[in-house]
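Work through the exercises below with the sequence and the coordinates open. Each task is followed by a solution in steps.

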Protein chains: 2
Amino acid sequence: MLLQLSFNEKKAEMCADVFASNSRDGVYSHGLNRFPVFVEQVKNGFVDPLAEPECIEQNGLMETWDGHLGPGIYNAKICMDRAIVLAKKNAMSCVSIRNSNHWMRGGTYGWQAADAGCIGICFTNAIAGMPPWGGKDPRLGNNPLVIAVPRKEGHIVLDMAMSQFSYGKMQEYELKGKQLPFAGGYDREGNISTDPAAIRQTKRALPAGLWKGSGLAMILDILLALLGGGKSTAKITESGNEYGLSQCFICLYKEDLYEYLVNEIIAFSKSSATLEPGGDIAYPGEHTLMRRKKSETEGIPVDETMWAKVLRM
Amino acid sequence: MLLQLSFNEKKAEMCADVFASNSRDGVYSHGLNRFPVFVEQVKNGFVDPLAEPECIEQNGLMETWDGHLGPGIYNAKICMDRAIVLAKKNAMSCVSIRNSNHWMRGGTYGWQAADAGCIGICFTNAIAGMPPWGGKDPRLGNNPLVIAVPRKEGHIVLDMAMSQFSYGKMQEYELKGKQLPFAGGYDREGNISTDPAAIRQTKRALPAGLWKGSGLAMILDILLALLGGGKSTAKITESGNEYGLSQCFICLYKEDLYEYLVNEIIAFSKSSATLEPGGDIAYPGEHTLMRRKKSETEGIPVDETMWAKVLRM
């Protein structure tokens, strides 16, 4: 499909691999299920399959790249690879990119850094989909923050979007006719609500941690603008379409990290009594790894309707 | 008082200045009100007034320091200063410290970096005071994360602890006989609660963003351990006293940051209708700056009982 859309082989394979890996890891919303939207974006000209990212500024540790509206997955993989190379040489690096596109699952690039033995931190902006704290209208992107740490027994990867529940997750609850387990946004009367349908209608999702997630979403967008000089959530939203995004990839590399201390931290958390009988306490990324192993032995579950849709494309 | 406790003049002045500045900025819990606790910690031997922090490992960009249990404020100021110097030379830096002590208000060191024209990111660990997501027992520190960005019209400084409400804030609500405005933790029956007294009793504060703040608190502790090799929240908690903490100070410096884009982001957020009539939408650090200006013209409000207590010391 991507080859038909003028992707070259390398680019097509890299993008297809990430979509498939996202489904394998259980992030269905940014795996197969998102592929038709991605194809639409290529057809509509928001994603340029021929574009190559270009380094436009460098000083040895920090670089600024221009994504020239190429595929977000491709650009992000290249930027994180570049950050890894720079960090392995110099201990630290920061690669910013402007005019890129949706990178799908942020965690992808965290796992990439950790696979290379680096601590990876990355974040992206997005079209406004969440009101700032104290406001009614969407002004903040759901700007995910990823922090990844390499570990022999399985990397620790925090992949945290800034709303308490994503719109995709709320839709899942709505389709099942269920309420959200915690407050997720405001209803039409301006009350805090657990009703996914009501929140999806008002588009007033609650930031994770309320004023805290609101502040974090704003400052991530500010960091992206400052370092990369690209479009902020304000400009993306003004354009009316979610394209031309800004991203940042930070790596730290040290040969002699105090790795033995990490398992002590995890063990301490797991030593707590669980809230529910038989409940679990997980480190960030633990469920992803469990799902990945399950997919690798049992196959990757797909939504049949979506699968049929992709086959028909 | 500090001179009497064997602080030298420089160290005494630096610590006193930070306590006073924290009160000036409205962070009373870590200003004057905290001073008696700090003095207790010196008297009990948890804080060594004679200790000097020492660089024990360096590679040009990343350094590891040992705080030798000196005053947390002093050590943190020195480490952030060191990170600023390194970043101004090399664009990026990361200074980790082990065996330090409570740094009081994290924001202090964010403002310090921004005053020097740097983007500053810093975080600390703490004694366990919050259950991990899915757990009942305190296993996570309230590990605050600070992200600071320099700006001519006033820096942008996010200073975010990992629980939705600090125990200090909950105590304030309890003393006023008020409920929390949002869920803040669990009561004795294991229900999510807005009752500050009930939550303070169970010591089951809710992480900001629920599973998200829980994961963020854990991964910050992991980063601190990996980079600095010091005590994790597990070891601090095991010791029974909150001392010997780990901290990390990251700076980024670039002469030509795209500063003009920052005000565009702030303006966009402020352009939203407010939830309450006459309500406000603030950027991180805006309220601090307003409070600082007010204190500078009108004086710093102090709790009379606490003031009398300090005068009697």
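The exercises treat a predicted model, going from the fold of one chain to the pairing of two chains and then to one helix.

**Exercise 1. Overall form of chain A**

Task: Determine how the radius of gyration of chain A compares with that of a compact globule, and describe the packing of the chain.

Solution.
- Step 1. Count the elements: chain A holds 11 helices and 9 strands.
- Step 2. Take the extents of the C-alpha trace of chain A along its principal axes, which are about 50 × 50 × 45 Å.
- Step 3. For 313 residues a compact globule would have a radius of gyration near 20 Å; the value for chain A is 20 Å, so the two agree.
- Step 4. Turn to burial: 55% of the 313 residues in chain A are buried.
- Step 5. Among contacts in chain A with a separation of 6 or more, 61% join residues 24 or more positions apart.

**Exercise 2. Domains of chain A**

Task: State which residue ranges form the domains of chain A, and describe the contact between them.

Solution.
- Step 1. Domain 1 consists of 43-157 + 209-252, and domain 2 of 164-206.
- Step 2. The C-alpha centres of domain 1 and domain 2 of chain A are 27 Å apart.
- Step 3. Domain 1 of chain A gives 7 residues to the contact, and domain 2 of chain A gives 5.
- Step 4. Sorted by class, the domain 1 side of this contact in chain A has 4 nonpolar, 2 polar and 1 charged residues.

**Exercise 3. The pairing of chains A and B**

Task: Find what operation superposes chain A on chain B, and characterise the interface.

Solution.
- Step 1. Chain A is superposed on chain B by a rotation of 180° with 0.0 Å of shift along the axis, at an RMSD of 0.0 Å.
- Step 2. The two copies are therefore related as by a two-fold rotation axis.
- Step 3. Locate the axis: A:Gly209 is the residue of chain A that comes closest to it, with its C-alpha at 1.9 Å.
- Step 4. Count the interface: 63 residues of chain A are in contact with 63 residues of chain B.
- Step 5. The elements of chain A that supply two or more residues to its side are β3 (92-100), β5 (145-149), β6 (156-160), α7 (211-228), α8 (233-239) and α9 (260-270). The largest share, 11 residues, is that of α7(A).
- Step 6. By class, the chain A side has 37 nonpolar, 17 polar and 9 charged residues.
- Step 7. Compare the two sides: 100% of the interface residues of chain A are also interface residues in chain B, so the copies meet through the same surface.

**Exercise 4. Helix α3 of chain B and B:Lys77**

Task: Decide whether B:Lys77 counts as buried or exposed, and place it in its helix.

Solution.
- Step 1. B:Lys77 lies in helix α3 of chain B. This helix covers residues 72-90, 19 residues in total, and reaches 26 Å from its first C-alpha to its last, close to the 27 Å expected at 1.5 Å a residue.
- Step 2. Of the 19 residues of α3(B), 14 are buried, so the helix is largely enclosed by the rest of the structure.
- Step 3. Apply the cut-off of 20 or more C-beta atoms within 10 Å. B:Lys77 has 22 C-beta neighbours inside 10 Å and therefore counts as buried.
- Step 4. Setting aside neighbours within four places in sequence, the contacts of B:Lys77 are with B:Met14 and B:Gln112.
- Step 5. B:Leu175 is 98 residues from B:Lys77 along the chain, and their C-alpha atoms are separated by 34 Å.
- Step 6. After α3(B) comes B:Ala91, with a positive phi near 90°.

How values were computed: Residues numbered from 1 in each chain as written. Chains lettered and ligands numbered in written order. Predicted model: local features only at pLDDT ≥ 70, side-chain atom pairs only at ≥ 80, totals over all residues. Helix = DSSP H or I, 4+ residues; strand = E, 2+ residues; numbered from the N terminus. Nonpolar A, V, L, I, M, F, W, Y, C, P; charged D, E, K, R; others polar. Least-squares fit on C-alpha atoms with pLDDT ≥ 70 in both. Domains from an automatic or database assignment. Expected span 1.5 Å × (residues − 1). Buried ≥ 20, exposed ≤ 12 C-beta atoms within 10 Å, placed from the backbone. Rg over C-alpha atoms; globule rule 2.2 N^0.38 Å.
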